[in-house]
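Visitor: Please take a close look at the enclosed spaces here. Say what lines them, and follow the charged contacts from there.

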Amino acid sequence: MKRLLTILLLTFCVTVSAQTVRKYSNEFMNIGVDAAALGMSNAVTAYSHDVNSGYWNPAGLVNIEDKQLALMHSSYFANIASYDYAAFAMPLDNNSAIGVSLIRFAVDDILNTTQLIDDDGNINYDRVSLFSTADYGVTFSYSRKLPIPGFNYGINAKVIRRVIGKFANSWGFGLDAAVQFETKNEWKFGLMARDITTTFNSWAIDEDEFAKVQDAVEGQNQELPETTELTIPKLQFGVAKKFIYRYDFSILAEVDLNIRFEQNNDLISTSFASITPSAGFEVGYLDMVYLRGGVGNFQNETQIDNSEKTSFQPSIGIGFKYNCIQVDYAFTDIGDQSVALYSNVFSLKIDFSCFR
């Protein structure tokens, strides 16, 4: 598996900027954070109101009352890839809050076998080396209440760093903008606009390393690619409502629409934009124990016989909260609805108000 990833990643490093605008640039920033949100199939744009709002909807940060810390870890591709996240947020005053978060998605200790066979055709294992590929995203968030009752807004400034061994590396910059609104009867609405500035990435490619890759796969990687790419904007719109039942039980439900300005396999797809819905729920007991579920990522897939089948991705999760410490777990990519391997996601959230 790692050898296969080696070939794929080396090919990627020399074709990463083959075109200026990419449909799926910086996709590691779209995976999602927080096991509670992932257990609800990422349908949290409207209700998000804690430290993790810096990712889902920065307008929600203004709802925190004290400093909060969040940590998350998950593994992908049979534990080959690691996905880690850390975030911190704090209120500035009664009307504003700030936050910072870090995402790292990486595959470490990949075998580089492109030099395994020397110029004389001999196999030399001393020429095999290891390298890592890692993507980093740092987000700085600000949130503030508007003079209009119930309205909040938030903005993100993002710095992207991507490294593929010695072969290539890039820096990227972009902005997000978001709003949340709560009605008098406690319906919540949220809108998150990601990469509103078409996040820009600039790649630097090591030409000496590129020369080694040029002949690794016959007929491929013969020319240096372009070194810039743009990530096109995306919109997420959500509607949520929380119900209280007999004081002990709470039921949160949310429906989101995820919009990309491109034509793809989403449930609704046009030449201008594509839309796929997601829905999630959370049942809470005494604000201590939570059961979550959701469904999303609806796709129209063409089968071998040219017929179309709609696939989707279900998710489930649980959570436990004691005082100001909350531990959550999510199980995603489950069943026959996904071709990807399932993932176990764990996250921790700490509210510092208990330590005052």
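Guide: A cavity is a set of points, on a 1 Å grid over the protein atoms alone, where a 1.4 Å probe fits but cannot get out; lining residues have an atom within 4 Å of a point. Its volume is the space filled by probe spheres set on the points, which are joined across faces, edges and corners. The model is predicted: local features need pLDDT of at least 70 and side-chain atom pairs 80 or more, while totals for chains, interfaces and linings use all residues. Numbering starts from 1 along each chain as its sequence is written, and side-chain values use heavy atoms, leaving out hydrogens and water.

Three cavities reach 30 Å³ or more. Start with the second largest, at about 50 Å³. Met29, Gly54, Tyr55, Ser101, Ile103, Thr139, Asn156, Lys158, Asp176 and Arg194 form its lining. Helix 3 (53-56), strand 4 (96-112) and strand 6 (151-164) each give two or more of these residues (DSSP runs numbered from the N terminus: helices are H or I of at least four residues, strands E of at least two). By class, this lining has three nonpolar, four polar and three charged residues (nonpolar: Ala, Val, Leu, Ile, Met, Phe, Trp, Tyr, Cys, Pro; charged: Asp, Glu, Lys, Arg; polar: the others, Gly among them).

Now the largest cavity. Its volume is about 60 Å³. Among its lining residues are Ser25, Asn26, Asn30, Ile160, Thr199 and Thr231. Met29, Lys158 and Arg194 line this cavity too, having already appeared around the second largest. Asp195 and Lys234 also belong to the lining of the largest cavity. Here the split is two nonpolar, five polar and four charged.

Next, follow the charges. Ten salt bridges are counted in the model (a side-chain nitrogen of Lys or Arg within 4 Å of a carboxyl oxygen of Asp or Glu). Asp195 and Lys234 form one of them, at 3.0 Å from N to O. Asp195 sits in the loop between strand 8 (187-194) and strand 9 (200-205), and Lys234 sits in strand 11, so this pair ties together parts 39 residues apart in sequence. Both Asp195 and Lys234 are buried (under 20% relative accessible area with a 1.4 Å probe and protein chains only; exposed is over 50%, partly exposed in between). The contact is part of something wider: Lys158, Asp176, Asp195 and Lys234 are linked in a salt-bridge network. Lys158 and Asp176 take us back to the lining of the second largest cavity.

Strand 11 (234-245) leads on to an open space. It gives two or more lining residues to the second largest pocket, as do helix 2 (35-39), strand 2 (68-76), strand 12 (249-260), strand 15, strand 17 (325-332) and strand 18 (343-351). A pocket is an open set of points with protein on both sides within 12 Å along at least five of seven lines. This one holds about 860 Å³. Of its 43 lining residues, Tyr47, His49, Asp50, Gln326 and Lys349 are closest to the centre. The lining divides into 20 nonpolar, nine polar and 14 charged residues.

Two of those central residues pair up. Lys349 and Asp50 make a salt bridge at 2.8 Å, N to O. Lys349 lies in strand 18 and Asp50 in the loop between helix 2 and helix 3, 299 residues apart. Both partners are buried.

Finally, look at strand 15. Its Arg292 meets Glu282 of strand 14, ten residues apart. That salt bridge spans 2.8 Å, N to O. Arg292 is buried at 2% relative accessibility, and Glu282 is buried at 11%.
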